[in-house]
Amino acid sequence: MANTSTMPTPTKAKAGGLPFLSHSHFMQKLKEENRFEKNRFTVAKRLERFQLILSNEQNADSQINLKSTLGYVPYHEDLLPRWNAFADSQKDNKSLTNITVHNSCIPPSPFFRDKIYPIFQKNQNITSLELRGVNRSLIFGVISVLKMKKCCKLVSLDLSWNKTRFTDIARYQSLSEAIGNHPSLAYVNFSNNALGENVDHLSLVLKGSDKLESLILDSNDIDSDGVDLIMKFLKSNKTLTTLSLSDNDFGNKGVKAFASTFEENDDMALRELNLSKNGLTLATKVESKVLSDMLMHIDLSHNLIGVQGLKNVVAYLAGNPPLACMNLAGNILRNNVAALLMGALKRNTNLAHLNLGHNSFTKASVPCISDGMDLISKFLASHTTLTALSLRHKTETKEGGKTLTQSFLKPIAQTLERSSLRELSLRGSDLTLATKVESKVLCDLLMHIDLSYNRIGVQGLKNVVTYLQGNPPLTCLNLAGNSFRKEAGASLMGVLKRNTNLAHLNLRHNSFSKASIPFIIDALKNNSTLLTLDLTDNKLKAKSGGRKEIIDKALFESTSLQSIMDSNHTCQVYLSSNSWGNRETHEAELRRINALDTAGQSIRFKVSLAMFTLKTIQFNPLAFQHISLELMPRLLEFVQQQVGYGGYGKNIWKVNRKGKGKNPVLSRIYEVMTGWSMLPSLFERGPGKIKKKAVKKRKHAFAFKEADDEEWTPSKAN
């Protein structure tokens, strides 16, 4: 028996009356049970965090989101009260549409039968299920539910990363029946489930997927035999438009099956194909036939496509197929084939998106690297359909002390103003933007620029700020991972007050701290066009002097009606990458409020929240006693809008109250009406004439004698 005198005391009970168990509690329990010897500390931390996630998801309306961001959370008996409280909070919920569970385990049987199954019974409108890395109890329970005829109207099912959960063929048979039982099901993700280890398992999954539109089978160790099964499936399928087989390593032998199938069946519905990370070379004509004219999107990234493979790609593109998107990132393309590729692209008028990142452009490949880049710049100038270009990540080879991407910039920057390009990604390219040549990449024609994870310093930031001061049509700017500090916060936030086009700004993974908060608050209060601002993974604490200060002073200053009006009602601000601390800041809820259709709706919700839910502003009925008759219906509508009553605030703000006891809404209506100065005048007749009605004789002798009725006629003045 454990020595209870040494047991750590649980923290003070919070909402729901359950104590929050501390990290030290789980550590000691794990040691006593002799479990998880190698990573006790990590597991204890996950268990501590996950109980907060369970608590935050109580009373969810349309979505349940149980995501462990720290990794897999095993089941522990001390979490059972939290699981029970979570399930009990959902027993009356009939509005669920999405359920997401990542890296966690529900309690063992009969928990699913007694607690989770009733949730599915009462929610027939669930359209999305995402169960990644969960335990068998949950997977098999959900499959048994999905097999029923009277079940939810599922559209999307994600069972990825559960490869250790399926053990026998009977389970796959049940899964196949469950998928086939839903005519509305369009998307299934079954990645990382080791389907390639047994072709019978793969065959059953394909059998149930005959009515799908999208099927994801990434990382399943599918070999050439598995590809043959998939080809038979595609020949008879008339609905599948998207197929992903990334990271299966079936090589050129497998791709030959694709090629022959595409050549013989050009009327298939397939339009998007992902064959990345499969060791393909496309060196022979047979292999290259996988480049079918029926495809609109093909991903060939991170393969082994070299000179001969690229020649086949060039021949395909030169024929101007209807292909709109091609990904060739992470192959072994060099400058000696750049001329071939760019020459084919000059004649192609359909391709709109091309990714050439992570390749091997080197100085040794050609006498001068600028030859290849000149071809790219000429291509950009003449190509009228290409709208997006990615040259992400630097290479190790340098020319004259500069990275290759820096060498690329001069010819490309000079051509941008004459091209159709609207989206440019230079992520992780070791850029500083400190020189005039580099800064020319900030072109006034671009709508989307990704400059994340570079080395933009003081001078580079000045060039960015100068560019934004000109109010270009740029709508999306990514500056994540550039180690910006206080000075960057002051200049960037200052220019946001004057820029009226930028809608999305990503500043995550920088070094903004408490010193940057005043500039962030000032920018948010003086900008109404920015729609998203990402500040996650900076040095901003959850409570005082950090994220809570930004919330309280910029997004929801609830000290008075005027302060609420002066807050920002249009920008969705991301301050934390997980739910830890959200109970203090309400970041997620305020993002949903600011995402409402109009600023007026956001203001109305915040005022109602401040007055009737959080009660930071006192509701005074006397303040409305002289309101006009025309506005009274609006006022009566407003005083009834309290979160948790009549469905108001559904999907926006989670509350524990269920509306039991005294109804505050009726009390407010009574107080407003009785204090309204115009109420007596509604019952006054005003000037007019009274005409007595003549008494009609009754036909029956027993009729009672009635008093003379009066008929009032208003005067002409009224």
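## Overall make-up

The protein holds 25 helices and 22 strands. This is a predicted model. The chain has 718 residues, and 50% of them count as buried.

Contacts reach far along the sequence. Take the contacts with a separation of 6 or more: 79% of them join residues 24 or more positions apart. The accessible surface is about 34600 Å². Carbon and sulfur atoms supply 52% of that surface.

## Strands β1, β2 and β3

Strand β1 covers residues 63–67 and pairs with β2 in the parallel sense, over five bridges. Leu66 of β1 faces a partner across this pairing: Val101 in β2 stands opposite. The route from β1 to β2 runs through helix α3, residues 80–89, and this β-α-β crossover is right-handed.

Strand β2 also pairs with β3, residues 128–132. That pairing is parallel too and has five bridges. Here Asn98 stands opposite Ser128 in β3. Helix α4, residues 111–122, joins β2 and β3 in a right-handed β-α-β unit.

How much of β2 is covered? Strand β2 spans residues 98–102, and four of its five residues are buried. Strand β1 shows two faces. Ile64 and Leu66 make up the covered face. Gln63, Asn65 and Lys67 make up the uncovered one.

## Aromatic pairs

How many aromatic pairs does the count come to? The count is ten. One of them joins Trp83 and Phe111, whose ring centres lie 6.0 Å apart. Their planes meet at 75°, so this pair is edge-to-face. The pair links distant parts of the chain, with Trp83 in helix α3 and Phe111 in helix α4, 28 residues apart. Both Trp83 and Phe111 are buried. Trp83 and Phe111 also belong to one aromatic cluster with Phe50 and Phe86.

A pair within one helix is Phe258 with Phe262. The ring centres of Phe258 and Phe262 are 5.8 Å apart and their planes lie at 65°, so this pair is edge-to-face as well. Why are the two separated by about one helical turn? Because they sit four residues apart in helix α9, residues 251–264. An α-helix has 3.6 residues a turn, so residues three or four places apart point the same way.

Are Phe258 and Phe262 buried or exposed? The cut-off for buried is under 20% relative accessible area. Phe258 has 0% relative accessibility, so Phe258 counts as buried. Phe262 has 3% relative accessibility, so Phe262 counts as buried too.

## Helix α16

Helix α16 runs over residues 458–469 and has twelve residues. From its first C-alpha to its last, α16 reaches 16 Å. That is close to the 16 Å expected at 1.5 Å a residue. After the helix comes Asn471, with a positive phi near 55°.

Which residues of α16 are buried? They are Gly460, Leu461, Asn463, Val464, Val465, Tyr467 and Leu468. What do the buried residues of α16 pack against? Two helices are among the partners: α15 (436–439) and α17 (486–496). The strands β16 (448–450) and β17 (476–478) are also packed against these buried residues.

Technical notes. Residues are numbered from 1 along each chain as its sequence is written. This is a predicted model: local features need pLDDT of at least 70, side-chain atom pairs count only at pLDDT 80 or more; totals for chains, interfaces and linings use all residues. Side-chain values use heavy atoms; hydrogens and water are left out. Buried means under 20% relative accessible area, exposed over 50%, partly exposed in between (1.4 Å probe, protein chains only). Contact means heavy atoms within 4.5 Å. Accessible areas come from the Shrake-Rupley method with a 1.4 Å probe; for residues, only the protein chains shown count as cover. Two strands pair if DSSP finds at least two bridges between them. A crossover is right-handed if, with the strands pointing away from the viewer, the path from the first strand over the helix to the second runs clockwise. The expected span of a helix is 1.5 Å times one less than its number of residues. Rings of Phe, Tyr and Trp (its six-membered ring) pair if their centres lie within 6.5 Å; planes under 30 degrees apart count as stacked, over 60 as edge-to-face and the rest as tilted.
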